[in-house]
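Open the model in your viewer and keep the selection box handy. We will go stop by stop, and at each one you will find out what to select and what is there.

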Amino acid sequence: MSGPAPSHLQPSPPPTARVAPPEERRRRLSRPVAFASLAVVFVLFMAASSAPSPLYVVYQQEWHFSATTLTTVFAVYVLGMIGALLVLGALSDHLGRRPVLLSAIALEAVSMVLFLTAGNVGLLLTARFIQGIATGAAMTTLGAALSDLNPAHAPHRAGLVTGTAPTFGLGLGSLGCGLLIEYGPHPTRLVYVLLLLALVVAGALLSALPETSLRRPGAARSLQPRLRIAPHLRADLLSLVPILIASWALGGLYLSLGPSVAVGLFGLSSHVVGGLVVTLLTGPAFVTALALRGWPVGRTLAVSATLLLVGTAVALTGVEEHSLTAAALGTAIAGVGFGGSALASFGTLARIARPAERSELLSVAFVISYLAFSIPAVIAGIAATHAGLQDTFVTYAATVAALCALALLAQRLRATRTPATGGVPQA
């Protein structure tokens with residue numbers, strides 16, 4: 001699963017507007033239209049990132065590669081994204097939002113062309129890596145631009161969009177691709193053609209985006225990757241690490257091996273079902289993030305960790321007993337826990353950090369999350385090649401359940417030493 005820009009979950013004051021020439025002012029989008037356009041582009045990037053998931057089974061059947069290779073294809077995307085988050089995260093603060101966003105769209109379009117022409121695993125790996133870089137660069141800049149254009153009457157709307165667009169886009173992309181594979185022509189091509197056309201429209205739209213960040217020196221220096229946490233924040237981040245790892249590791253399992261489990265263990269040949277596997281997790285996550293945004297974060301974390309544990313256990317039982325109903329129900333319950341834990345975790349980190357500390361703290365949290373998203377999935381792919389899908393899924397799910405139990409204990413210990421907190425800000 002892809003996620004929001006680390007430094008912009010909380011809106012920041014808009015920078016001083018620069019004076020634009022009359023011809024530029026005429027071609028600019030209004031602030032409300034620009035904000036809505038950025039939200040749609042955010043969803044587009046996330047949908048594109050999950051679109052290959054239902055196709056992994058198709059590629060595997062056509063090119064006869066192992067589950068290890070399959071999860072490696074998944075992991076190189078996350079590698080590119082983490083690299084972009086670390087290196088390119090602050091670039092738009094120096095060059096401006098629009099140039100970086102247009103460059104990210106161009107790079108994403110290159111990856112779509114590579115997907116279209118891919119005839120082997122090597123090109124598929126290259127396409128996913130480039131897509132990861134493009135998505136990482138876009139996420140940080142989209143979050144910044146949304147915060148810059150945040151409407152005054154809804155000061156937390158940018159944070160809500162950056163918090164919910166990833167799960168909505170991931171579900172939309174996987175389900176939409178599944179439908180196209182099952183009912184459309186050219187199953188390994190059509191989805192990329194449509195995404196490429198959407199990127200062209202997005203590029204044309206964002207070329208009229210009002211620039212909200214003045215150019216300033218230091219662009220080269222900003223490319224130096226850096227991870228640092230203020231000492232007084234380390235204990236709070238440490239208490240959230242179990243739930244971050246548990247939820248994102250589960251997401252990585254579903255996006256990489258979920259469609260293969262549906263085909264290999266339950267005999268579901270429909271590619272729509274392959275897309276639904278991901279949507280069953282990310283759909284409830286999106287709805288939950290919207291529904292629980294006013295809850296106190298402590299309660300949200302406790303409930304989310306519990307539901308993540310229960311949902312994983314039910315899905316595990318479904319796989320062991322070959323019960324499709326139990327597996328689907330467990331996935332949906334775990335999705336509720338996934339959405340609530342993401343909302344509360346990053347809401348907590350954004351709240352406890354001072355403005356000057358927020359970017360660094362959330363960057364570290366997202367690196368932890370994306371590593372949990374990819375590394376266990378690769379290990380699962382290797383295990384599935386040697387031990388089989390069922391044993392791998394059972395072991396993986398049991399590990400996630402144990403991490404959920406550890407997360408509950410960590411939150412209980414944290415609650416005993418921390419006063420009650422308020423709710424997550426509403427949009």
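**Stop one: helix α12**

Select residues 271–291, which make up helix α12. With 21 residues at 1.5 Å each, this helix should span 30 Å, and its end C-alpha atoms are indeed 30 Å apart, so the two values agree. Keep in mind as you look around that this is a predicted model.

Now centre on Thr279: here α12 bends by about 35°.

Move along to Thr288, which also belongs to helix α12. Is Thr288 buried or exposed? Its relative accessibility is 7%, under the 20% cut-off, so Thr288 counts as buried. Show its surroundings and you will find that Thr288 touches Val336, Gly339 and Gly340, leaving aside residues up to four places away in sequence. Try a distance label to Gly337 as well: Thr288 and Gly337 are 49 residues apart in sequence, while their C-alpha atoms are 8.1 Å apart in space.

**Stop two: helix α13**

Next, select residues 297–320 for helix α13. Its 24 residues should span 34 Å at 1.5 Å a residue, and the end C-alpha atoms are 34 Å apart, so expectation and model agree here. Colour the buried residues of α13; among them are Val297, Leu301, Ala305, Leu308, Thr312, Ala315 and Val319. Gly311 and Gly318 are also on the buried list. After α13 comes His322, with a positive phi near 55°.

**Stop three: two histidines in loops**

Most residues other than glycine have a negative phi. With that in mind, pick out His64, a non-glycine residue with a positive phi of about 55°. You will find His64 in the loop between α3 (52–63) and α4 (67–88). Its relative accessible area is 68%, so His64 is exposed.

Then jump to His186, where phi is again positive, near 50°, in a residue other than glycine. His186 sits in the loop between α8 (157–183) and α9 (190–206). With a relative accessible area of 58%, His186 is exposed.

**Stop four: helix α7**

Select residues 121–148, the 28 residues of helix α7. From first C-alpha to last, α7 reaches 40 Å, close to the 40 Å expected at 1.5 Å a residue. How many of the residues of α7 are buried? The count is 22 of its 28 residues, so to speak a mostly covered helix. Show the side chain of Asn120, which caps the N-terminal end of α7: one of its side-chain oxygens lies 3.1 Å from the backbone nitrogen of Gly122.

**Stop five: the whole chain**

Zoom out and show everything as a cartoon. You should see 16 helices and 0 strands. Of the 427 residues, 56% count as buried. Among contacts with a separation of 6 or more, 87% are between residues 24 or more positions apart. If you turn on the surface, its accessible area is about 16,500 Å², with 68% belonging to carbon and sulfur atoms.

**Last stop: confidence**

Finally, colour by pLDDT. The chain averages 81, and 86% of the residues score at least 70. Confidence is highest in α9, at 95, and lowest in helix α1 (residues 22–27), at a mean of 51. Over residues 1–24 the pLDDT is below 50, although this stretch has 77 contacts in the model beyond near neighbours in sequence. At the other end, residues 420–427 stay under 50, with 25 contacts beyond four places in sequence. Where pLDDT is low, the predicted coordinates should not be read in detail.

Terms used: Residues numbered from 1 in each chain as written. Predicted model: local features only at pLDDT ≥ 70, side-chain atom pairs only at ≥ 80, totals over all residues. Heavy atoms only, no water. Helix = DSSP H or I, 4+ residues; strand = E, 2+ residues; numbered from the N terminus. Buried < 20%, exposed > 50% of the residue type's maximum accessible area, 1.4 Å probe, protein only. Contact = heavy atoms within 4.5 Å. Areas by Shrake-Rupley, 256 points an atom, 1.4 Å probe, with all protein chains shown as cover. Expected span 1.5 Å × (residues − 1). Bend = angle between axes of the 7 residues up to and from the residue. pLDDT = per-residue confidence, 0-100. Polar contact = N/O pair within 3.5 Å; in protein donor to acceptor, adjacent residues only side chain to side chain.
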